[in-house]
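Colleague: I would like to go through the labels used for this model and hear what each of them rests on.

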Amino acid sequence: MRIVLAKRETRSQIISTLVPIISFLVSLILGGIVLAFSKANPLDTYVYMFRGAFGNWMAFSETLVKAIPLMLTGLGVSLAFRIRFWNIGAEGQYVWGAIGTAWVMLYWQFLPVQALLPFSLLVGMTAGAIWAGIPAVMKAVWKVDETLTTLMLNYVAILFAEYLYYGPWRDPKGYGFPGSEPFPREAWLPRFLGRAHWGLFIAIIIAFILFFVLTRTKWGLEIQMIGKNPDAARCLGVNIKWGIIMVLLLSGALSGLAGGIEVAAIAHRLQKGIISGYGYTAIIIAWMSQLNPIAALFVAILMAGLLVGGDQLQMMIGLPAAMGLVIQGLLLFPLLAGTIFTEYKIRIKKTKEV
Amino acid sequence: MQLITTLLLVTIRAGTSLLYATLGEVYTERSGILNLGVEGMMMMGALTAFTVVYRTGNLLFGVLAAMLAGGCMALLHAFLSVSMRANQVVSGLSLTLFGTGFASYLGQRLGPAENSFNLTGLTGERFPIIKIPFLGDIPVLSAFLQQDVLTYLLYIIVPLAWFYLYRTRDGLSLRSVGENPRTAAAVGINVTKIRYTYTVLGGMLVGLGGAHLTLAYTPGWSENITGGRGWIVIALVIFSGWNPARAVFGAILFGGINAVQYRMQAAGTVIPASFLNMAPYLLTVIVLAAMTILSRKKKTSFSSPSALGTSFSIEDK
């Protein structure tokens, strides 16, 4: 007997929807084993986590608060992954978005107050786009490996933000707290449920626009082609260098917007707590959603639920909040193992004697 | 002279974990498997090493446990990228995400009850610094001879690793699998077996590098102890041109940055600490760009294994 793999002509739709769902269940089971070793009842723990994240409106609003930046960074990362550009720098782009937005909010207050919010978010997006643009240009022009450059720039961005809120931007009236002065109250991004804010609608609208652009426009199809078959794209006259740079500017802008919205709606200042790890969870979201913008919205809510549920765990039964991260980390393994079923047909053949 | 000796001393100490992990990843990538999980494997290595030593008081057990942890994670990567033909970039990233998350969880779980199950802030056995008599008093040279056992071990491992890769039959098979698995398979080399073996071996060395962090360099566990070292290792592999001997220079360069940075901070410079801390990350980006630009024209001794990051199967045409 011998296992034979045959490449499928097209990816199986049913299997590619099933695989993420099964992967999630598998990661819960594996997480359950970790919990059992920690002398916690896995089932009870999951019920706590679920209630903590979705049990009532307040809990759900906190989940949304975390889901909004995850949606935007997840969309940004998916976009870059579509052209097989491994942008793992969403964290740094997010931090630059926060810095750019804070800069306008703090130092451009001569602007009319109604203009402050939109303009500051625009500057935040630009800052994120530039931060993603650096590795994009290095890749497009000199073929410099992007996984390393995007990741290294995360550390640089985080250290620069630290320099700002510990140094020149620190609030003199802040009792030594590492953070800037608060933004003007009129320029805050409004909330609608608990701390959940309008960023949600911005993220949803962007996801639908992206879905449309990627599937229905010429540019979107070119992007698909650069990702799937760069040689064919080149033959058809697609400018690949420009494609990479444009996609990455957009990808960075989305992560930048996530950071900008976070400071404009939640923190209301540039402070220590804005560095969150959202940019890394975004990688999981991109892969779980199979790079589909609409699916990314739902996966982001799920991932946010794991984070909020993890926090609840710490408060309710004293298990480390990192349990949420453990389950997230476990997600990709079954997902990756499952890809083989979407791309190959598996047959078991009887070995013939030669 | 005293200053040079001190700087070199700290450089070597800081470079040890980097060099172990770089050697490991060089071997993995030579087989054609790209494992971006170094950061996660190092983190888990650091955690298991410290936990085991804290519990048993035996340094050897700690080192072995770290190698086991790194090896198991690498085995998972080998399974996904060789047998399941998964995307190696994403598989490596997941190892890093999982490793950092799991280490953070275990770090708050495996400690003693009186420290509320936390490992942070505890002290355990550590590798002592052994000074070689007589030779250890010669200026500059003494920097190499006042180190811990794990560092001394490297003085033997590096030449061996080089010799094995370039001067033995097994090393030749390994390199040919990374260059052209189809040809290698045609002459009867078992590509799958080689890729599994060296991915796991690489993971064990990466885990060992992590162990050096918690057992010698900065003894004790703290969250985020690796601080991006695993990623610097990925860059060091490229700088070394996938050559174990040249990996030494990269490890010394980056260990040296750590030493200088530490020195400058202690001396109290006008440059804010944040900017000093950026140095290794910025330097990685700059050197990486320079290396890529210099070696992109033709295949040189600095070029990557041709089949790096691609899956292979005999049935594929």
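Modeller: This is a predicted model. Putting chain B and chain A together buries about 4,000 Å², and carbon and sulfur atoms give 80% of that area.

Colleague: What makes up the side of chain B that touches chain A?

Modeller: The elements giving two or more residues to that side are helix H3 (59–83), helix H4 (88–107), helix H10 (229–239) and helix H12 (273–294) of chain B. By residue class, the side of chain B divides into 27 nonpolar, 13 polar and five charged. The contact takes 45 residues from chain B and 46 residues from chain A.

Colleague: How many salt bridges and polar contacts link chain B and chain A?

Modeller: The salt-bridge count between the two chains is zero. For polar contact, three residue pairs are found across the interface, with both residues at pLDDT 80 or more.

Colleague: How many salt bridges are there over all chains?

Modeller: The count comes to five. One of them joins the side chains of Glu62(A) and Arg195(A).

Colleague: Why is the pair Glu62(A) and Arg195(A) called a salt bridge?

Modeller: The N to O distance is 3.0 Å. The cut-off is 4 Å between a side-chain nitrogen of Lys or Arg and a carboxyl oxygen of Asp or Glu, so the pair qualifies.

Colleague: Which parts of chain A does that pair tie together?

Modeller: Glu62(A) lies in helix H3 (residues 57–82), and Arg195(A) lies in the loop between strand E2 (191–193) and strand E3 (196–197), so the link ties together parts that are 133 residues apart in sequence.

Colleague: Why are Glu62(A) and Arg195(A) called partly exposed?

Modeller: Glu62(A) has a relative accessible area of 26%, and Arg195(A) has 33%. Partly exposed covers the range between under 20% and over 50%, so both values fall in that class.

Colleague: What makes Lys218(A) and Glu222(A) a salt bridge, and where do they lie?

Modeller: Their side chains meet at 3.2 Å, N to O, and the limit is 4 Å, so the label holds. Both residues lie in helix H8 (residues 218–228) of chain A, four residues apart, about one turn of the helix. Lys218(A) has 64% relative accessibility; the threshold for exposed is over 50%, so Lys218(A) counts as exposed.

Colleague: Why do Lys131(B) and Asp137(B) get separate exposure labels?

Modeller: Lys131(B) has a relative accessible area of 44% and Asp137(B) has 52%. Exposed begins over 50%, so Asp137(B) is exposed and Lys131(B) is partly exposed. Their side chains meet in a salt bridge at 2.9 Å, N to O.

Colleague: How do you know that His268(A) is buried, and what does His268(A) touch?

Modeller: Its relative accessibility is 8%, and buried means under 20%, so His268(A) counts as buried. His268(A) is found in the loop between helix H10 (240–267) and helix H11 (278–288) of chain A. Its side chain reaches the backbone oxygen of Ala265(A) at 3.1 Å. Leaving out residues up to four places away in sequence, His268(A) touches Glu181(A), Pro182(A), Phe183(A), Trp188(A), Arg191(A) and Val263(A).

Colleague: Where does UniProt place the feature "transmembrane region" in chain B?

Modeller: The unreviewed entry places that feature at several spans, among them residues 86–106 and 149–166. In the model, residues 86–106 of chain B are 90% helix and 0% strand, with end C-alpha atoms 28 Å apart. Residues 149–166 of chain B are 100% helix and 0% strand, with end C-alpha atoms 26 Å apart.

Methods
Residues are numbered from 1 along each chain as its sequence is written. Chains are lettered from A and ligands numbered from 1 in the order in which they are written. This is a predicted model: local features need pLDDT of at least 70, side-chain atom pairs count only at pLDDT 80 or more; totals for chains, interfaces and linings use all residues. Side-chain values use heavy atoms; hydrogens and water are left out. Contact means heavy atoms within 4.5 Å. Buried area is the accessible area (1.4 Å probe) that two parts lose on being put together, summed over both. A polar contact is a pair of N or O atoms within 3.5 Å; within protein, one must be able to donate a hydrogen and the other to accept it, and residues adjacent in sequence count only if both atoms are side-chain atoms. Ala, Val, Leu, Ile, Met, Phe, Trp, Tyr, Cys and Pro count as nonpolar, Asp, Glu, Lys and Arg as charged, and the others, Gly among them, as polar. Buried means under 20% relative accessible area, exposed over 50%, partly exposed in between (1.4 Å probe, protein chains only). UniProt positions are given in the numbering used here, feature names are shortened, and annotations may be inferred rather than shown by experiment.
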